[in-house]
2 protein chains.
Amino acid sequence: MAGPASVKDVARRAGVSLGTVSNVLNRPERVGPETRERVLRAIEELGFVRNEAARQLRAGRSRTIGLVVLDVGNPFFTDIAAGVEEMAASAGLSVLLCNSADNQDRENHYLSVLEEQRTLGILISPVTGENPHLNEIRTRGMSAVLVDHRSSRRQCSVSVDDVVGGELAADHLIAQGYDRLAFVGGPIGLNQVANRLAGARNAWRAAGQDPDRITVLETTALTVASGRLMGERIAAMPARRRPRAVFCANDLLALGVLQEMTRQGLDVPGQLAIVGYDDIDFAAAAAVPLTSVRQPRAQLGRAATELLIDEISSAGTHQHRQVVFEPELVVRASTDNARRPRASAG
Amino acid sequence: MAGPASVKDVARRAGVSLGTVSNVLNRPERVGPETRERVLRAIEELGFVRNEAARQLRAGRSRTIGLVVLDVGNPFFTDIAAGVEEMAASAGLSVLLCNSADNQDRENHYLSVLEEQRTLGILISPVTGENPHLNEIRTRGMSAVLVDHRSSRRQCSVSVDDVVGGELAADHLIAQGYDRLAFVGGPIGLNQVANRLAGARNAWRAAGQDPDRITVLETTALTVASGRLMGERIAAMPARRRPRAVFCANDLLALGVLQEMTRQGLDVPGQLAIVGYDDIDFAAAAAVPLTSVRQPRAQLGRAATELLIDEISSAGTHQHRQVVFEPELVVRASTDNARRPRASAG
DNA sequence: GAGCTGGAATGAAACCTTTCATGTGACGCA
DNA sequence: TGCGTCACATGAAAGGTTTCATTCCAGCTC
């Protein structure tokens, strides 16, 4: 026996036909108990394992959905993934988790893989708003739901209002009396980044300030390492020109900045207040517990999966929906202006 | 046209045979330039996408390896996954990431899925040492490498010496003068947990103490939430019976305990020193930067993938190897006994 | 002009499972 | 005895790709 056993081998060993073996596997009630027993024994003895590829080829589609995220290393996305998996499992589907790492080429590569696999549908947190490749794939009949990104009316999406989130963060900083504000995040091309910045500018304008006077410190990625790098730059600024508060596009950046401040002996929030975004579990456990904008992560994942399943199963009647959740500000020590030392103390 | 276009459709449209289309796809140099052009145009016009299932059925195996981890929510494992993916990509392979969530049934489920998919090989951080199902699958010719768990000589594995890690942690605490020691971790059935505890006991014994006098506080999982729960229990102990130092089986637990201490107003390391394990990025950014036992995570992933690829490609000559890395202690503020208040101060 | 060469294209077979229309035989009932 | 029914079991077909042994043909040599 060269390769692994096939239904044919099982059939021969059990002395029945191919069809009967298949029936034992898929509709056991249609097979006589004695025959069934014999087939099962043959399966056991040969160590037969279904060939999913052949199965799927016959069926024309798989029982898998794809989830493409921007960064598996970010707990924000693994929390979403947990929600997706929970929902998918309860519908009997598997989830194929792909990491685009903020990279358009990788995103497209994974989209191709998912299409070639005849995946049932795709959940994607896209690198950019419009991805022609994704649109093409959808044209060919693949269902897709955008996650963490609001779509047009021609497609389903699940997102959290990032503009509102940015406003919440900036409003809070303004209310706390911080004046020189910086925004840390990037690449600016990322939608989430752009929207959170736009929200902050809105709030700034509403407070009667010039929205362009928010210093934008653009990073190359939304990671702890990028945050540390930017932290170095901030610490190196002369105290008079240094911002009093930074709003970071996500918690990883915020934690990086915070870490660097601590290392350089700058007090948070005394010399620099920090607001993060996402409220991942680690934000609360940070050196200085982080004020952050909370997103309902698992819920995001569940809702997206529900929409996708609906789109797949009721192809004809499906109505595209854009679900938008509201973010929520969680205030912690990192923006406590009471702890800010006298201006002369620096 | 009902379903998506197939090679047959492309062939018809381009006015060539099936075989030629396949050649354009797989060995373009064997096809005349003019014909090739015509086929490519047909592919473009029809939006033809290879059917991976059929491809794989024909080939007998996929171009994918499976990675089963204990907890995708734990940065330790996503860092390993990053290493795996990097190595796999450079060998032209895809990675299917599965989360067993410490659960034997889920682990077995994913193993079955991977076998049915005719995955090229499996990297697995196993829930328990011996998994009969995994052994069965290996019997049928599937390659598998254990990750973060040392195997017997009959199989490849990549791990970090957890006993040494436990010794490093406990030695450090002893050297810092901490006497009442507790170990936080669980389920004790998990190998990593058991070994780290064993290491700590070794060190304790070597220091002339009764190794059974290490209090074992068993948790149900290695998560931040479990850590918080155990933190509550620790805080609730009368100060005289409370441990002076805890060694946590991983950083998530340590962060949870730390968070709860802060919430309850207990000083770390003043009233409780904490050592974590893994040295994930967040450990350094914690409320009190965590002393932790560092593991070379990405390297673990890369090495495991290398072993797997070797096992797959040189099936005949392959020698099973057990690669064991050495952990490294990273000392930070959470175990700084200088900051410990006078005994009478409590 | 016959025979040969090599590049290019062909078409059937194989991979494995599932489905479905068909076949078989036993049994009960009129 | 003959017919209909029912429960099982059968075998061929289909699904899309790749491979490989053939076939075809233009161009070349002798």
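**Entry 1: the contact of chain A with chain B.** I began with the area that chain A and chain B bury between them, which comes to about 3400 Å², with 58% of it on carbon and sulfur atoms. On the side of chain A, I looked up the residues that lose the most area to chain B and found E116(A), R118(A) and F282(A), which together make up 18% of what that side buries. I note here that the model is a predicted one, and I read every value below with that in mind. For the contact itself I counted 36 residues from chain A and 36 residues from chain B.

**Entry 2: polar and charged pairs.** I then asked how many salt bridges there are between chain A and chain B. The count is two, and I looked up one pair in detail: E85(A) forms a salt bridge with R106(B), where the closest N and O atoms are 3.0 Å apart. Between chain A and chain B I also counted 16 residue pairs in polar contact, with both residues at pLDDT 80 or more.

**Entry 3: which elements of chain A take part.** I listed the elements of chain A that give two or more residues to the side touching chain B, and these are the helices α4 (52-59), α5 (75-90), α6 (104-116), α11 (251-263) and α12 (281-284), together with the strand β2 (94-99). Among these elements, α4(A) gives the most, with five residues. When I sorted the residues of this side of chain A by character, they divided into 19 nonpolar, eight polar and nine charged.

**Entry 4: the surroundings of DNA strand C.** I turned next to DNA strand C, which is surrounded by 22 residues, the closest being V7(A), R27(A), R58(A), S17(B) and T35(B). Of the atoms of DNA strand C that come within 4 Å of the protein, sugar and phosphate account for 70%. I looked up which elements supply at least two residues each to the surface near DNA strand C, and found α2 (18-26) and α4 of chain A together with α2 (18-26) and α4 (52-59) of chain B. The residues of this surface divide into six nonpolar, 11 polar and five charged.

**Entry 5: single distances to DNA strand C.** Where on DNA strand C is the oxygen that lies 2.2 Å from an N or O atom in the side chain of R58(A)? I found that this oxygen belongs to a base. For R55(A), by contrast, an N or O atom of the side chain is 2.8 Å from a phosphate oxygen of DNA strand C. At V7(A) I noted a polar backbone atom, which is 2.5 Å from a phosphate oxygen of DNA strand C.

Note on methods:
Residues are numbered from 1 along each chain as its sequence is written. Chains are lettered from A and ligands numbered from 1 in the order in which they are written. Side-chain values use heavy atoms; hydrogens and water are left out. Contact means heavy atoms within 4.5 Å. Buried area is the accessible area (1.4 Å probe) that two parts lose on being put together, summed over both. A salt bridge is a side-chain nitrogen of Lys or Arg within 4 Å of a carboxyl oxygen of Asp or Glu. A polar contact is a pair of N or O atoms within 3.5 Å; within protein, one must be able to donate a hydrogen and the other to accept it, and residues adjacent in sequence count only if both atoms are side-chain atoms. Helices (H or I, at least four residues) and strands (E, at least two) are DSSP runs, numbered from the N terminus. Ala, Val, Leu, Ile, Met, Phe, Trp, Tyr, Cys and Pro count as nonpolar, Asp, Glu, Lys and Arg as charged, and the others, Gly among them, as polar. A residue is near a molecule or strand if one of its heavy atoms lies within 4 Å of it.
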